[in-house]
Amino acid sequence: MVKFLELKGFYELERTIGCGGFAKVKLATHLATGEKVAVKIMDKALLGADLARVKLEISALKSLSHENICKLYEVIEIETHIFLVMEYCSGGELFDHIVEKNRLTESESRMFFRQIVSAVAYLHTLGYAHRDLKPENILLDRHQNLKLIDFGLCAKPEGGMANPLYTSCGSPTYAAPELVQGKQYLGTEVDVWAMGVLLYTLLAGALPFDDVNIDSLYKKILSGKYEEPPFMSLESLRLIRCMLQVDPTKRITIKELLSHPWLTLGVLEPVQIMLQNSKMYQRECIGIMATHYNVENRTMWQHLKKWKYDYHTATYLLLVSKKKRGSGLKLYSLSVKPLIDIDKESTFRRKPILRSINSPALTDTINNGNNLHQHTPPGEVSKLKTEENTPNKTPKTNQSNKFAHPSKPSGIRKPYKRIRSPGPDDTSPVPAKKMSTEPSTPVSTPERKLTNSSDTPGSAKRVLGSIERSFQKVVNVLTPRKIEETITGRPPVLTSKELFNVSTTQCRDPEFVMIELSKALEKKGVTCKRKGFTLRGKLDPSANKNLGECSFELEICLIPDLHQLPQSNTPTKSILKRGVYNTPVKNLKNKENFVGIRRKRLRGDSWCYKKVCEEILALTSKEFVSFSESAV
Ligand SMILES: Nc1ncnc2c1ncn2[C@@H]1O[C@H](COP(=O)(O)OP(=O)(O)OP(=O)(O)O)[C@@H](O)[C@H]1O
């Protein structure tokens, strides 16, 4: 069922592929090209004051065009929701990739890290700081290319990158010391620190600074002391040391990183900033669209080059990307007609799109109700007034540094989800609050999903509360009786390309695995809801004080015929490696399906999720669950 009529006839929505604090992301098909896209759906009512973040994210994405930055195709705004149609990254999060392999080899880390450096250097060149770099915000496409996502916390300091920022934001475990201290900081320098944490995570499979106690975490970050694993090469350790310099003035710069010997080792070439030209005139793609809409090429291009981020922009950018891949170029007729009268520039579809009271910057771009999409040409400074560049419009409900202590300790480690101080903006210096030096008490991390809104002052309370409320809607305790009742259909059979994040079993009965899994979840204090062969669980933090808060999905699936699997992906390889299976490998090589458990983090701290999954899968049944190649 298509829930959003605005998309009907243009996109076919499929399953949910991710959830963030603010958005649900669905896989969809762009019907004119048949290409898969990701649709980020945001409920305006839940966004509240964070709408400014979304505006900035849209503005940034429209300006950016880089191989390693997830492309925006279309922006649709209706009275209740905002939809961002984006490039679909089918390879999952880099975080899952690390977990899958425990840690990456130096050469794989280098291959990935070069892409990250290229994307971040490009961002900085255009005057943006990302401020939330972490493996959860880096996705992979089907060719193992990295794609940076989530620009909701990015900043574009007025006057350029040499100007300081003031808003404390990001994820505490990736936060630079100057952020933790609430000092003013340079966007470039905090991004380099976060990249240092990221590189360490790639190579070590663990965080350099981590603690269940936020005070202790900050102390560790400020000390700049972390464990240097013996398995890391001296060159890797040296580079990480250069990035994890507590004094930002001594930290390596992004420019130096581009040609650092560790990054050029074996590759020789310094990292290129690689500008993409997907917005260039592409004769063949324009010709196909012009023929399809029965207009002149010139007329088609006149329309396209306004970069309205409407359905035509999406169609064109998708055709360009298809051409780049060498796929056949073809447009399918849509059932919804007329689409857009290009000559007259009038839009007949999506009529119900309304002017939103809450989002003038987005809706102000709607001209006569026709031009639905705002455009910022590549590289051009966005004219959108945002929290970062309009200090007077910023709600000043709370001036405190969100890295500092919340007023009321909860005694529970909250997930170290990214945070942003809701009050001060980055153009109006605010006296930094010193980090508390009081005796360390377990406190709740000041993040956006606190259950008890009284823990959080000011507008943050509103934001956190609304996210929590929406989250609560999906959480129900499932009794064994309910499980029995909802058994339907058959688990999905995975293709060999879908085997990441899948733990293998040597069992062939999906129901049996489901029951074992449900028992383990119950034992672990995870409340869950079953839909078909998927269990959506939320960890009860009060029952797991050392773990924090997170939600995730475990899906029972069928693993394809082992003969068809590429060698590196075969469950048998992991079975051999870990010795989990009792069954001799040769007996597993048959044409029948085995049951697998596919896991997916929905919300909350990634490292907490990793630990919970490890524990649940270990509880499920030691005899029949193997953690595939991963630690989880
Ligand atoms: N283009 C994409 N392709 C595939 N999956 C995606 C894509 N964009 C997002 N996702 C998935 O959806 C999840 C949530 O997306 P995103 O981080 O953009 O949402 P958010 O609400 O802004 O998150 P946050 O809570 O970090 O602000 C991601 O972690 C990822 O797993």
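**Notes on the predicted model**

1. I'll start with a cation over a ring: Arg530 lies over the face of Phe533, at 5.2 Å from the ring centre. The criterion here is NZ of Lys or CZ of Arg within 6 Å of the ring centre and within 35 degrees of the ring normal. Arg103 does something similar, with its charged end over the ring of Phe231, 3.6 Å from the centre.

2. Some housekeeping before going on. This is a predicted model, where local features need pLDDT of at least 70 and side-chain atom pairs count only at pLDDT 80 or more, while totals for chains, interfaces and linings use all residues. Residues are numbered from 1 along each chain as its sequence is written, and side-chain values use heavy atoms, with hydrogens and water left out.

3. On confidence: pLDDT is the predictor's confidence in each residue, from 0 to 100, and the protein chain averages 72, with 66% of the residues scoring at least 70. Residues 422–487 have a pLDDT below 50, yet beyond near neighbours in sequence this stretch has 164 contacts in the model (contact means heavy atoms within 4.5 Å). Residues 628–632 are also below 50, with 32 contacts beyond near neighbours in sequence. For the complex, the predictor gives an ipTM of 0.97 and a pTM of 0.66.

4. Aromatics next. There are 11 aromatic pairs in the structure, counting rings of Phe, Tyr and Trp (its six-membered ring) whose centres lie within 6.5 Å; planes under 30 degrees apart are called stacked, over 60 edge-to-face, and the rest tilted. Tyr11 and Tyr311 make an edge-to-face pair, 5.4 Å centre to centre with 80° between the planes. That pair links distant parts of the chain, as Tyr11 is in strand 1 (residues 11–19) and Tyr311 in helix 13 (residues 311–325), 300 residues apart. Helices (H or I, at least four residues) and strands (E, at least two) are DSSP runs, numbered from the N terminus. Both Tyr11 and Tyr311 are buried, where buried means under 20% relative accessible area, exposed over 50%, and partly exposed in between (1.4 Å probe, protein chains only). Elsewhere, ring pairs join Trp193, Tyr200, Phe209 and Tyr226 into a cluster.

5. Leu31 is worth a look alongside that tyrosine pair. Its place is in the loop between strand 2 (23–30) and strand 3 (35–43), and it counts as partly exposed because its relative accessibility is 26%. Leaving aside residues up to four places away in sequence, Leu31 touches Gly9, Phe10, Tyr11, Glu12, Tyr311, Tyr332 and Leu334. The C-alpha atoms of Leu31 and Gly9 are separated by 7.4 Å, with the two positions 22 residues apart along the chain.

6. What about the nonpolar cores? A core here is a set of buried Ala, Val, Leu, Ile, Met, Phe, Trp, Tyr and Cys residues joined through side-chain atoms within 4.5 Å. The largest one has 146 residues, and Leu94, Met195 and Tyr316 have the most contacts inside it. Helix 6 (residues 187–204) gives the most to this core, with 12 residues. A second, separate core has five residues, including Leu499, Val502, Cys557 and Ile559.

7. Helix 11 (residues 283–293) has Cys285, Ile286, Gly287, Ile288, Met289, Ala290 and Tyr293 buried. Their cover includes helix 12 (297–304) and helix 13. Just after helix 11, Asn294 takes a positive phi of about 60°.

8. I'd also check the loop between helix 12 and helix 13, which holds Trp307 and Tyr309. Trp307 has a phi near 45°, positive in a residue other than glycine, and Tyr309 likewise has a positive phi, near 55°. Trp307 counts as buried because its relative accessible area is 5%; for Tyr309, also buried, the value is 1%.

9. Last, the strands around strand 16 (residues 594–604), which is mostly covered, with 10 of its 11 residues buried. Strand 15 (residues 550–559) pairs with strand 16 in the antiparallel sense over 10 bridges; pairing requires DSSP to find at least two bridges between the strands. Strand 12 (residues 502–505) also pairs antiparallel with strand 16, over three bridges. Which residue of strand 16 is the bridge partner of Ile556? That is Ile597, and Ser503 stands opposite Ile597 as well.
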